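Reader: I'm new to this structure and would rather get to know one part well than skim everything. Please take me in close on a single helix and its surroundings, then work outwards from there.

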Amino acid sequence: MFTVKVIDKGVINGLSNMLSALKSEPDRILDKMADETKNRMRTEAPEMTGLLKSEIDITSSMNKRIIEPVAQKLSNKKYASAVETGTSPGHMPNVDNIALWFGANKQIAYAIAMKIKQTGTPANPFVKRTYDWIVSKLDIFAVEHFFDIELP
């Protein structure tokens with residue numbers, strides 16, 4: 001038996017950098033699923049101005065991807081949640097957000113906000129629809145990425 005050892009620091013650093021740059025197969029699968037989920041959530045999100053669908057983020061950590069509508073351009077960070085679940089009467093939305101959302105001046109936005117306060121808003125469960133969609137696709141991802149199946 002014999003042993004070969006790399007002693008050159010440049011080669012060691014280069015190999016280490018190359019290894020850390022390579023994604024594992026599970027990471028590639030998670031990234032693909034996250035990208036497809038994000039695209040589907042954009043399809044499901046309300047159209048109005050596109051602010052919500054344009055701000056869907058993916059946060060990555062080890063073996064985990066979080067796909068989340070953040071709507072950072074709107075001052076109310078709970079905006080996506082209010083769209084998802086709807087609001088009951090009595091909730092006064094942010095007038096600036098209403099102006100931005102509808103592309104209206106402040107007077108019109110205030111009138112819209114007052115109407116929303118009186119009547120509430122219906123739920124638009126776009127995140128739930130996205131979740132149901134991705135769950136229905138999990139078996140397809142598993143077959144495509146974990147098994148090598150050849151049909152006769």
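Author: Let's start with a pair of side chains: D96 and K106 meet in a salt bridge, 2.3 Å from N to O (a salt bridge being a side-chain nitrogen of Lys or Arg within 4 Å of a carboxyl oxygen of Asp or Glu). The two sit ten residues apart and link distant parts of the chain, with D96 in helix α4 (residues 95-102) and K106 in helix α5 (residues 106-119). Helices here are DSSP runs of H or I with at least four residues, strands are runs of E with at least two, and both are numbered from the N terminus.

Before going on, a word on what you're looking at. This is a predicted model, where local features need pLDDT of at least 70 and side-chain atom pairs count only at pLDDT 80 or more, while totals for chains, interfaces and linings use all residues. Residues are numbered from 1 along each chain as its sequence is written, and side-chain values use heavy atoms, with hydrogens and water left out.

Now back to α4. At its start, a side-chain oxygen of N94 comes to within 2.8 Å of the backbone nitrogen of D96. That is a polar contact, meaning a pair of N or O atoms within 3.5 Å; within protein, one must be able to donate a hydrogen and the other to accept it, and residues adjacent in sequence count only if both atoms are side-chain atoms. After the helix comes G103, which has a positive phi, near 65°.

In between, V95, N97, I98, A99 and W101 are buried. Buried means under 20% relative accessible area, exposed means over 50%, and partly exposed is what lies in between (with a 1.4 Å probe and protein chains only). What do the buried residues of α4 pack against? They pack against α3 (79-85) and α5.

One α5 residue worth a look is I116, buried at 14% relative accessibility. Leaving out residues up to four places away in sequence, I116 touches T87, H91, P93, I98 and T121, a contact being heavy atoms within 4.5 Å. So you meet I98 twice, since I98 is one of the buried α4 residues and also touches I116. I116 and G90 are 26 residues apart in sequence, yet their C-alphas are 8.2 Å apart in space.

And our opening pair? D96 is partly exposed, with 42% relative accessibility, and K106 is exposed, at 52%. Elsewhere, salt bridges that share partners join D27, D31 and R65 into one network. Within it, D27 and R65 meet at 3.4 Å, N to O. This pair also links distant parts of the chain: D27 belongs to helix α2 (residues 25-44) and R65 to strand β2 (residues 64-69), 38 residues apart. D27 is partly exposed at 22%, whereas R65 is buried at 15%.

Helix α2 also holds a salt bridge of its own, between R40 and E44, 3.2 Å from N to O. These two are four residues apart in the helix, so about one helical turn separates them. An α-helix has 3.6 residues a turn, so residues three or four places apart point the same way. R40 is partly exposed at 28%, while E44 is buried at 16%. In all, the count comes to seven salt bridges.

Still in α2, you'll find N39, partly exposed at 45%. N39 and T130 lie 91 residues apart in sequence, but 9.4 Å apart in space, C-alpha to C-alpha.

Finally, step back to the whole chain. There are six helices and two strands, in the order α-α-β-β-α-α-α-α along the sequence. Of the 152 residues, 28% count as buried. Among contacts between residues at least 6 apart in sequence, 57% join residues at least 24 apart. So where does that leave α4? Its buried residues pack against α3 and α5, and its D96 makes a salt bridge to K106.
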